[in-house]
Amino acid sequence: MTGLVVGAFPDVIQHGRYDHHLSIAKSDGLSFVIGPLAQQPSPSNPSLLSPRPDLKGLSGTEWSNGIVGLISSTAVYACCDSSPVTSPEITSEVDWAMHMGVPAVMFPPPPTSDPAALDNYGRLVTSTALKVAGSQTGVWIAVNFTPTEECYKAVSAVLMAAEFPSTVSLNLVFQPGMEKEYGLDSYLVHLNRMIGLGVVGVTLPTDGFLTNKKGYPTLSKKMQAVVEFMMKRGGGKLRWVISGGKAHQPGGEDDNVMTDVGEQQSSSSDNQSGYLHYLQYLFHIRKRPSVVSVLDNDEAVAERGYLDYLQAPLQPLADNLEFMTYETFEKDPVKYRNYENAVLLAMEDGKEEGKWVDGRVNIMVVGAGRGPLVQASLNAVKRYNEKNRESRVTPNMLAVEKNKNAVVFLHSRCQLEEDWVGVVRVLSCDMREASVSPSDLADVVVSELLGSFGDNELSPECLDGAQLSGLMKPNAVSIPSDYVSFIAPLSSAKLHQEAKAQAYVSTDPGAGPMGQPFGFLRAMETPYVVRTHAGTQTHGEKECFKFVHPREVGSFKEDDNQRFTKVAFEADGTYGLGLGSGYLREDVGMRDIGKDLDGREGGGKGGIVVHGLTGSFDSLLYKKKYGDREEERISIAPGTFSVGMFSWFPLFFPLREPMFLPAGGKMAVSIWRIKDDKNVWYEWAVEVEDGEGRIVGKSNIHNVNGRSYKVGL
């Protein structure tokens, strides 16, 4: 089980000694301490800080890992209320933080009630974000979280003014009793919206905890649900902070408790920081099965290194995949099981149609890679024969693969694996140019050419090409039978930041720092494969494009695989509660909460910032024509997600400029799939209407003529 990263935010740093506080915090299992950067400015020169008594007590590593520095609230608010909006004191504090390499500096909460002061505050944050860019110091904004429109508008205004810099994140301070005042449903809905702005931490004040019968801190059931929600959404990347003074004094003979943060702990002898029992309580919630099942399953563990990491989509026709890429995909426990089941269903239908009277089935795996679908198909034949002992069939298996290195692997399996020997043959060529003898024409064509958006790795062109090459019998079936792409708006400052950062990446990885940079336009007009995490899918996904295989004879047209659709996303006051970051199965219980709240007080009252679109797919592998009409599917769309499958992450389509979707407003997404003789590409645009139907925002069409990104045929 992954642990929690928890820090202490004491009321007072005694004698200005960070070394003392960090030492006792770490002895109790905490990871960092938050406190003022400055003792106080030098009386003679505000731009200089006074000498520190703790400089020799802390190493550079302890400063860079264990201290988050507070920017002076007095100095910040003075700048917000006056002109000019600069401060020697703030400058010296930030300079000191960068000099010491602290991981973050934290601003006090924004002044939400004064628009002019909020503008000045936004300028201070922007200036500081630019100053620390390129260093290891980030900027946190403390946010006194309330489930209100005022809170979200203030924070989003600051971030939009700063153009959502990658160095800025939010630390939400949960105010005691807010979950009671506004209700749990409203609290969760507005938290879900705030996550899209980039939340790095959550602060729990000690006076927000209740006291149990033995004097230990506990939380109300509603606040427990809030903490659990944030743990599941934030995972191991979220920082937890316990702030304030020691508000609980446990005592008695049962005072010793076992925890995950050390050996047996005693409040009387160990709890030097005053925060040990709060930390223990957070670990208690972290160990709940409902949290463990989300954060510690095999897929979650495998995906940790990919969270919010942008990757260029694979181009399997233009490039040959590497050994490790094949190996990673082959570890999926769900995909190949479902494919095996689909082949079995197709064979059972074939029996009903009298296809196997000669005792032979021709199965062709196109784009065979290293052969996992070949093995899945052989397993399906074996299962079929076990069920139909009086009408067993012999498989005639062809593996078609263009990657000459993968072909070596296939040939090796044909010689070394018993169930492959004499059964599987390898055809080394592009499936669109293959030819076989009449006796080898396929009864069943199996492929795994799908991309994150269904058709973005050119499955339509490949499978149409295979059909036109004459590889299939007239009554052959394809697995998959069809696939549908889906699109939805996504609020994610983090992914928008990551996309902008691609502008400085070299177009030639081998050229190093002398290479031509990607450039802003290209970076913001490229769709990226990403395991979305720090974001919120704001609406249920809508269908875009559908492709069916095999095609009807005579139905092929030159531009057949070009597509256009325009889908509308109506007002959703839940901000997509239950849809998470646009990946994994939607939480039906949370969706029900949102539906109950939508349109009531606390729901549907505010807008949300949209940074891009998230693309996914759902594929029908095969559906039986006879009997129980059983079917097998694979999907990464939240509404139908194949639990346990991790071969695909969503496709993120960034917007060059974030769009604000107002309360009661509607967003229309236009998306094109266009091709020429050499390439296929997508173009996309969004349009925003307010609650009265007036157009209040309209983006440019992204990636016109494939100028920034295309997939080679």
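Modeller: In this predicted model, a residue is called buried when its relative accessible area is under 20%.

Biologist: Why is Cys414 called buried?

Modeller: The relative accessibility of Cys414 is 13%. The cut-off is under 20%, and therefore Cys414 counts as buried.

Biologist: What makes Cys414 unable to count as part of a disulfide?

Modeller: A disulfide requires two cysteine sulfur atoms within 2.5 Å. The closest cysteine sulfur to that of Cys414 belongs to Cys429 and is 15 Å away, which is too far for a bond.

Biologist: How do you know whether Cys151 is buried or exposed, and why is Cys151 not bonded to Cys80?

Modeller: Cys151 has a relative accessible area of 5%, so Cys151 is buried. Its sulfur has the sulfur of Cys80 as the closest cysteine sulfur, but the separation is 16 Å, too far for a bond. By the 2.5 Å rule, the count of disulfides is zero.

Biologist: Why is helix α10 described as largely enclosed by the rest of the structure?

Modeller: Helix α10 covers residues 276–286, and 10 of its 11 residues are buried, so the description applies. Among the buried residues are Leu276, His277, Tyr281, Phe283 and Arg286.

Biologist: What makes Ser491 a buried residue, and where does Ser491 lie?

Modeller: Ser491 is in strand β20, which spans residues 482–491. Its relative accessibility is 0%; the limit for buried is under 20%, and so Ser491 counts as buried.

Biologist: Why is the pairing of Ser491 with Val609 called a polar contact?

Modeller: A polar atom of the Ser491 side chain lies 2.8 Å from the backbone oxygen of Val609. The distance limit is 3.5 Å, and therefore 2.8 Å satisfies it. Beyond its neighbours within four places in sequence, Ser491 is also in contact with residues including Gly196, Gly535, Thr538 and His611.

Biologist: Which residues touch the most other members of the largest nonpolar core?

Modeller: They are Phe174, Met194, Met230, Trp240, Ile479 and Ile487, in a core of 174 residues. The element that gives the most to this core is helix α14 (residues 335–352), with eight residues. A second, separate core has 11 residues, including Ala523, Met524, Tyr528 and Phe652.

Biologist: What is Ile487 in contact with, apart from its neighbours within four places in sequence?

Modeller: The contacts of Ile487 include Phe453, Cys544, Val567, Phe569, Leu613, Phe653, Val669 and Ile671.

Biologist: Which residues does UniProt list for the PRMT5 arginine-N-methyltransferase domain?

Modeller: The unreviewed UniProt entry lists residues 301–468. In the model this span is 40% helix and 15% strand, and its end C-alpha atoms lie 43 Å apart.

Notes. Residues numbered from 1 in each chain as written. Predicted model: local features only at pLDDT ≥ 70, side-chain atom pairs only at ≥ 80, totals over all residues. Heavy atoms only, no water. UniProt positions renumbered as here; feature names shortened; annotations may be inferred. Helix = DSSP H or I, 4+ residues; strand = E, 2+ residues; numbered from the N terminus. Buried < 20%, exposed > 50% of the residue type's maximum accessible area, 1.4 Å probe, protein only. Polar contact = N/O pair within 3.5 Å; in protein donor to acceptor, adjacent residues only side chain to side chain. Contact = heavy atoms within 4.5 Å. Core = buried A, V, L, I, M, F, W, Y, C linked by side-chain atoms within 4.5 Å.
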